[in-house]
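Please walk me through this structure in the viewer, one selection at a time. For each stop, tell me what to select and what is there.

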2 protein chains.
Amino acid sequence: MSAPVTLRGIGSFHVGGRVVEIAGKPGKEMVFSRGGMPARVDPNGHYLVEAMYVQYFLPERRRGKFPLLMWHGGGLSGVTYETTPDGREGWLNWFLRIGWDVYNSDAVERGRSGFAPPDVWPDKPHSVSMEDAFARHRLGETWSADAAAVKPIAGNQFPVEAYENFARQFVPRWTSTDDAAIAAYTALVEKVGPAILLFHSQAGGFGFPIAQMLPDKVKAIVAIEPAVAGDVAQAARLKDIPILMLYGDFIARSARWPRMRQFGVEFATAVRAAGGHVEVVDLPAVGIRGNSHMMMMDRNNAEIAAFINDWLGRQGLIGNYVGG
Amino acid sequence: MSAPVTLRGIGSFHVGGRVVEIAGKPGKEMVFSRGGMPARVDPNGHYLVEAMYVQYFLPERRRGKFPLLMWHGGGLSGVTYETTPDGREGWLNWFLRIGWDVYNSDAVERGRSGFAPPDVWPDKPHSVSMEDAFARHRLGETWSADAAAVKPIAGNQFPVEAYENFARQFVPRWTSTDDAAIAAYTALVEKVGPAILLFHSQAGGFGFPIAQMLPDKVKAIVAIEPAVAGDVAQAARLKDIPILMLYGDFIARSARWPRMRQFGVEFATAVRAAGGHVEVVDLPAVGIRGNSHMMMMDRNNAEIAAFINDWLGRQGLIGNYVGG
């Protein structure tokens with residue numbers, strides 16, 4: 001067990017959302033709990049939808065100059081940054097222990113943010129299979145329910161033996177909720193910013209646009225294999241925000257990642273051309289090998305966290321202990 | 001801000017669940033993130049469903065002799081026990097600060113536990129309206145989107161002014177997932193027990209049966225307005241487990257609660273007849289007035305937590321500091 005950690009605060013809140021009214025539906029009788037009493041249910045009424053859950057951990061000895069907001073990728077929740085599937089400490093604990101105020105969220109539609117009734121979101125949620133996620137996230141070559149047929153990638157850092165545990169973290173996703181997610185994340189940045197955004201994969205499509213909307217509220221961006229970049233036409237809006245983009249290993253052997261990485265590189269080029277500071281780091285190029293798309297869970301996750309923390313330090317974002 | 005708290009551990013894990021296979025479905029092309037690359041998606045494959053998310057907080061100076069497991073009620077998640085809708089500390093922090101190892105979970109289907117594809121759970125989830133929840137939980141007489149028409153109950157302890165914030169915590173519920181929830185909670189008790197179960201409302205239908213299945217793993221039960229009791233025919237299985245059942249105020253004016261309370265009282269009588277120790281406490285009878293069904297969020301939530309903690313102490317479940 002690691003050393004104890006002293007916190008000056010732990011808690012949670014929801015941000016954003018809107019009240020919608022559903023009307024004109026027939027009532028029905030429901031039994032909610034087996035053995036419970038039947039209740040007459042009127043589905044008409046008001047619902048608060050599209051809010052977002054945020055949990056915060058505030059260390060007593062704060063060193064990070066601004067809160068660090070962790071935003072997970074698609075089909076996942078804030079669990080991404082907690083204990084790894086094989087039971088090691090995740091990035092949430094790592095950054096907390098070193099002195100960062102950490103705000104970890106579940107995007108709209110997922111986890112403790114809940115999801116809206118079908119009257120509000122008519123399309124169906126999509127669940128990703130274990131086979132699909134394994135290949136898409138470059139956790140290995142192929143996964144099979146037959147353990148003997150699972151093909152890892154030699155040198156891969158993902159704890160493949162704990163893959164079922166990672167699959168327990170998967171949550172269904174809608175493809176129609178980007179605007180709602182952006183609205184809620186915007187509310188979060190307005191509430192706790194100025195802040196540092198650390199986002200993963202799908203959340204590139206939330207973090208970059210929000211930083212372009214609210215550049216004064218964002219002090220740095222750490223983009224972990226962003227699946228989506230920002231608006232190139234608005235690149236200049238990021239010129240005063242230091243940006244680190246991290247990519248793992250095995251990109252070239254993936255069907256999708258070479259092009260997705262290329263979008264990121266092109267966006268970085270546009271921001272630089274507008275006077276901004278963007279570092280695109282392929283981890284193997286700096287001697288950190290074997291990383292999957294889920295590098296915050298990989299065996300060397302602490303090494304990558306330290307790389308990010310050192311970079312934040314070089315941006316002048318780490319100070320002396322505050323508070324206590 | 002309250003005093004700092006020192007933890008010897010913070011983390012999360014998932015328990016339980018099962019791998020299912022979906023076969024024979026057509027593939028489709030999907031774009032997961034706006035601006036992202038289209039991906040060919042094969043919905044066939046394996047899915048890990050019905051696992052449960054658990055987050056734990058372990059104080060450095062432990063006084064509780066066993067872990068305290070907090071199980072929320074229907075249509076809600078573990079957020080129930082976190083920061084209250086009006087921003088005060090909830091029971092999770094209260095019990096942590098006084099020295100209990102706290103394990104807070106999201107039942108199967110909800111929050112960070114995720115939910116299964118419709119091939120596995122064919123029925124539709126149900127969302128509870130703000131009007132319905134307000135009345136059902138005895139937060140006040142009636143809620144209306146017209147603030148002037150909201151009718152509180154005189155003397156009610158629920159922070160009605162923060163009701164929208166509470167509604168942000170609502171999550172949809174299925175009515176077909178009781179067995180899956182019981183299986184996952186059983187896995188939790190087997191993993192971290194012997195333990196103390198503190199459960200609310202719907203979770204009476206999980207906590208009582210599991211204690212009856214695994215009486216050696218349960219050292220005490222704190223049932224907060226359980227909506228469902230245990231199996232009267234198996235009452236003797238609880239005879240060595242001290243049980244506290246708490247009910248709030250305004251029961252008599254509710255359409256549903258007089259009968260639901262009566263089921264609890266009858267179950268308590270059966271356990272006592274079998275030699276068990278059950279205390280049924282109506283809070284107004286001990287001078288604690290105005291409590292809603294969501295007493296862990298009420299303005300006097302700390303007073304009720306202290307009442308529970310004192311009761312646990314009288315059962316011999318609080319010791320000297322351990323560890324550190």
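Which residues of H5(A) are buried? Select helix H5, residues 204-213 of chain A, in what is a predicted model. The buried ones are Gly204(A), Gly205(A), Phe206(A), Gly207(A), Phe208(A), Ile210(A), Ala211(A) and Gln212(A). That is 8 of the 10 residues of the helix, so H5(A) is mostly covered, given that buried means under 20% relative accessible area.

Now show the elements around this helix. The cover over the buried residues of H5(A) includes three strands with low to middle numbering, S6 (68-71), S8 (195-200) and S9 (218-224) of chain A. Strand S10 (243-247) is also among the covering elements, as are helices H4 (178-192) and H6 (257-273) of chain A.

**Phe208(A)**

Stay in H5(A) and select Phe208(A), which lies in that helix. Its relative accessibility is 0%, so Phe208(A) counts as buried. Leaving aside residues up to four places away in sequence, display what Phe208(A) touches: Phe199(A), Ile221(A), Ala223(A), Pro226(A), Val228(A), Ala229(A), Gly230(A), Leu238(A), Ile243(A) and Phe267(A). To check one of these with the distance tool, pick the C-alpha atoms of Phe208(A) and Pro226(A); they are 9.4 Å apart in space and 18 residues apart in sequence.

**Phe267(A)**

Go next to Phe267(A), one of the residues that Phe208(A) touches. Phe267(A) belongs to helix H6 of chain A. Is Phe267(A) buried or exposed? With a relative accessible area of 2%, Phe267(A) is buried. Again not counting residues up to four places away in sequence, Phe267(A) touches Phe208(A), Gln212(A), Ala229(A), Gly230(A), Asp231(A), Val232(A) and Leu238(A). Of these, Asp231(A) is 36 residues from Phe267(A) along the chain, and their C-alpha atoms are separated by 7.9 Å.

**The cis peptide bonds**

Most peptide bonds are trans. Select Gly193(A) and Pro194(A) for an exception: the bond from Gly193(A) to Pro194(A) is cis, with omega near 0°. Pro194(A) sits in the loop between H4 and S8 of chain A. Move to chain B and select Gly193(B) and Pro194(B), where the peptide bond is also cis, with omega near 5°. Here Pro194(B) is in the loop between helix H4 (178-192) and strand S8 (195-200) of chain B.

**Positive phi in chain B**

Most residues other than glycine have a negative phi. Stay in chain B and select Ser201(B), in the loop between S8 and helix H5 (204-213). Ser201(B) is not a glycine, yet has a positive phi of about 55°. Its relative accessible area is 11%, so Ser201(B) is buried.

Then select Glu50(B), in strand S4 (residues 45-59) of chain B. What is the phi of Glu50(B)? The value is near 70°, positive in a residue other than glycine. Glu50(B) counts as buried too, at 14% relative accessibility.

For a glycine, go to the end of helix H1, residues 91-98 of chain B. Just after H1(B), Gly99(B) takes a positive phi of about 115°. Within the helix, the buried residues are Trp91(B), Leu92(B), Asn93(B), Phe95(B) and Leu96(B).

**Chain A as a whole**

Zoom out and color chain A by secondary structure: there are 7 helices and 12 strands. The radius of gyration is 21 Å, close to the 20 Å that the globule rule gives for 324 residues, so chain A is as compact as a globular protein of that length. Along its principal axes, the C-alpha trace spans about 60 × 50 × 45 Å. Buried residues make up 62% of the 324 residues in chain A. Among contacts in chain A with a separation of 6 or more, 75% join residues 24 or more positions apart.

Turn on the surface. Chain A exposes about 11500 Å², and carbon and sulfur atoms supply 51% of that area. Color by charge, and the mean positions of the 33 positive and 33 negative charges of chain A come out 3 Å apart.

**Both chains**

Finally, show chains A and B together. How many degrees of rotation superpose chain B on chain A? The rotation is 180°, with 0.0 Å of shift along its axis and an RMSD of 0.0 Å. That is the relation of a two-fold axis. The same surface serves both copies, since 100% of the contact residues of chain B recur in chain A.

Key
Residues are numbered from 1 along each chain as its sequence is written. Chains are lettered from A and ligands numbered from 1 in the order in which they are written. This is a predicted model: local features need pLDDT of at least 70, side-chain atom pairs count only at pLDDT 80 or more; totals for chains, interfaces and linings use all residues. Side-chain values use heavy atoms; hydrogens and water are left out. Copies are superposed by least squares on the C-alpha atoms of residues with pLDDT of at least 70 in both. Contact means heavy atoms within 4.5 Å. Helices (H or I, at least four residues) and strands (E, at least two) are DSSP runs, numbered from the N terminus. The radius of gyration is taken over C-alpha atoms; the globule rule is 2.2 Å times the number of residues to the power 0.38. Buried means under 20% relative accessible area, exposed over 50%, partly exposed in between (1.4 Å probe, protein chains only). Accessible areas come from the Shrake-Rupley method with a 1.4 Å probe; for residues, only the protein chains shown count as cover. Lys and Arg count as positive and Asp and Glu as negative; His and the chain ends are not counted. The place of a charge is taken as NZ of Lys, CZ of Arg, CG of Asp or CD of Glu.
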